[in-house]
Amino acid sequence: MDAIPLVLDGYLAADPEPGDREGTVSWRLTCSAGTDHLVEEAVIPCTTIEPEIAHALLTERQPGDLLRVIGHLTLPDTADGVIRLHADSLEVLWEAPVLDADGGDTDTATATDADTDRDGAIAALAEALTGFGEAAPGPGQSIRIHISPTGALGSGLEHCHSFDVTPATAHRLADYVDAMSCFMDSDRPDGVVLDPETIADLVDVFEDIDLIDLTNTVLNATRPEHRPAVTQAMDDMFGDAPAPEDTDP
């Protein structure tokens, strides 16, 4: 069967293994494709006879590295055969961080809880991003977002995800992140000082507000059975507000 030209992005699933002949190597690539609310994963066996690729995989790469493999996919002639991607070139899209082997002992239970919390957060973010970018980017330039745990990823590749979004979608996502950074004055971090002109403008705005008129307007627009609750809410916000019976009918 003819080989199919293919470009495939995926994470190195385990340490590459030398082939039977010098200058050859085989490895497994974990690939995922996001749908609306599902991430489908496949492990693709790869091989190469290119000495430079073999040397790089055996000496420089580690499980968890995000790779782009360019080559030809061969399909089996029988139903129980194995597909295999024969690589002609290899690009490293992202390098997995290396864990410090001398980091010392850690509390296993605490580490497990932290991993569970982290993996749950990654899954939630992956689902949100999958829905956010469910429309295919289409032709033209696109932006690829990768999310994964930190550290060596040999056994955590199921928590690695990639998403392609358009520049317009990336701008929207940036706007949402900016909105998350907004906070009330009471929640303002220590050390953050507003510009004096901004403070003066805010003072002018609030000095122009007539709380009596504001209270009367709100209560007059409120159904009678809801007025006590609204009055209490306004008291909590502005201080003592006129009772409902003190407002104009």
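A residue counts as exposed when its relative accessible area is over 50%, and as buried when that area is under 20%. Anything in between is partly exposed. These cut-offs are applied here to a predicted model.

Start with helix α4, which spans residues 196-207. E197 lies in this helix. Its relative accessibility is 60%, so E197 counts as exposed. E197 also belongs to a negative surface patch. The other members of that patch are D201, D204, E207 and D208.

Stay on α4 and look at L202, which has its place in this helix too. L202 has a relative accessible area of 40%. That value falls between the two cut-offs, so L202 is partly exposed.

L202 leads to a second patch, this one nonpolar. Its residues are L202, V205, F206, I209, L211 and L214. Together they make a surface of about 510 Å². Two elements, α4 and α5, give two or more residues to this nonpolar patch. Helix α4 gives the most, with three residues.

Now move on to α5, which covers residues 211-220. Which residues of this helix are buried? They are T215, N216 and L219. These three cover an arc of only 95 degrees around the axis, which means that they sit on the same side of α5. The general rule behind such spacing is simple. An α-helix has 3.6 residues a turn, so residues three or four places apart point the same way.

How values were computed
Residues are numbered from 1 along each chain as its sequence is written. This is a predicted model: local features need pLDDT of at least 70, side-chain atom pairs count only at pLDDT 80 or more; totals for chains, interfaces and linings use all residues. Side-chain values use heavy atoms; hydrogens and water are left out. Buried means under 20% relative accessible area, exposed over 50%, partly exposed in between (1.4 Å probe, protein chains only). Helices (H or I, at least four residues) and strands (E, at least two) are DSSP runs, numbered from the N terminus. The arc is that of the directions from the helix axis to the C-beta atoms. Patches are made of residues with over 30% relative accessible area and no salt bridge: like charges are joined within 9 Å, nonpolar side chains (Val, Leu, Ile, Met, Phe, Trp, Tyr) within 5 Å. Accessible areas come from the Shrake-Rupley method with a 1.4 Å probe; for residues, only the protein chains shown count as cover. A salt bridge is a side-chain nitrogen of Lys or Arg within 4 Å of a carboxyl oxygen of Asp or Glu. Lys and Arg count as positive and Asp and Glu as negative; His and the chain ends are not counted. The place of a charge is taken as NZ of Lys, CZ of Arg, CG of Asp or CD of Glu.
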